[in-house]
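I'm opening a fresh notebook page for this chain. My plan is to look at the overall build and then hunt for pockets.

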Amino acid sequence: MGAPPGYRPSAWVHLLHQLPRADFQLRPVPSGFAPQEQEYQQALLLVAALAGLGLGLSLIFIAVYLIRFCCCRPPEPPGSKTPSPGGGCVTWSCIVALLAGWCWRRWRGWVRQ
């Protein structure tokens with residue numbers, strides 16, 4: 001079984017296929033395509049877990065940045081006439097919540113298929 005005519009894999013495909021694979025005990029796994037074997041499934045889960053960890057960390061950093069940027073402003077001196085930024089934190093919080101909900105719904109729909 002080969003690639004369809006005219007298909008050229010991207011550089012990401014080549015890079016990901018050249019990564020060493022390991023199971024949960026960190027033993028090397030052959031690079032052949034064998035989705036029914038337990039070692040191959042463990043290697044895929046390990047790669048997916050590392051990707052999920054990276055995604056989770058970046059989402060935490062973005063959330064901390066948004067909370068710090070939006071909500072933790074220094075107090076203004078009394079008598080200043082500058083208008084307050086009406087609802088910036090609430091707006092960004094709503095946008096982040098909507099995006100997270102949309103991503104969760106898309107992921108659940110994809111998993112069910």
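Here are my entries, from the whole chain down to the pockets.

**Entry 1: what kind of model**
I reminded myself that this is a predicted model.

**Entry 2: the overall build**
I started with the secondary structure and got three helices and zero strands. Reading from the N terminus on, I wrote the order down as α-α-α.

**Entry 3: inside or outside?**
How much of the chain is buried? I looked it up: buried residues make up 10% of the 113 residues. I called a residue buried when its relative accessible area was under 20%. Then I turned to the surface, and the accessible area came to about 10300 Å². Carbon and sulfur atoms account for 69% of that area.

**Entry 4: contacts along the chain**
I took the contacts with a separation of 6 or more and asked what part joins residues 24 or more positions apart. That part is 6%.

**Entry 5: the UniProt record**
I checked UniProt next. Its unreviewed entry puts the feature "transmembrane region" at residues 43-65 and 85-104. I picked residues 43-65 for a closer look and found 100% helix and 0% strand there. The C-alpha atoms at the two ends of this stretch sit 33 Å apart.

**Entry 6: the largest pocket**
On to empty space. Rolling a probe the size of a water molecule over the atoms shows where some is left. The largest pocket has a volume of about 360 Å³. It has 15 lining residues, and those closest to its centre are Leu16, Arg21, Ala43, Leu44 and Val47. Which helices supply at least two residues each to this lining? I noted α1 (11-18) and α2 (38-71). The largest share comes from α2, with six residues. I also sorted the lining by type and got 11 nonpolar residues, three polar and one charged.

**Entry 7: the second largest pocket**
The second largest pocket comes to about 270 Å³. I listed its lining as Leu55, Leu59, Ile62, Ala63, Leu66, Val96, Leu99, Ala100 and Cys103. Two or more of these residues come from each of α2 and α3 (88-112). Which element gives the most? That is α2, with five residues. Sorting by type was quick here: nine nonpolar, no polar and no charged.

**Entry 8: wrapping up**
One thing I want to remember is that α2 makes the top contribution to the lining of the largest pocket and also to that of the second largest pocket.

Note on methods:
Residues numbered from 1 in each chain as written. Predicted model: local features only at pLDDT ≥ 70, side-chain atom pairs only at ≥ 80, totals over all residues. Heavy atoms only, no water. UniProt positions renumbered as here; feature names shortened; annotations may be inferred. Helix = DSSP H or I, 4+ residues; strand = E, 2+ residues; numbered from the N terminus. 1 Å grid on protein atoms, 1.4 Å probe; cavity = no way out; pocket = protein on both sides within 12 Å on 5 of 7 lines; lining within 4 Å. Points joined across faces, edges and corners; volume = space filled by probe spheres on them. Nonpolar A, V, L, I, M, F, W, Y, C, P; charged D, E, K, R; others polar. Buried < 20%, exposed > 50% of the residue type's maximum accessible area, 1.4 Å probe, protein only. Contact = heavy atoms within 4.5 Å. Areas by Shrake-Rupley, 256 points an atom, 1.4 Å probe, with all protein chains shown as cover.
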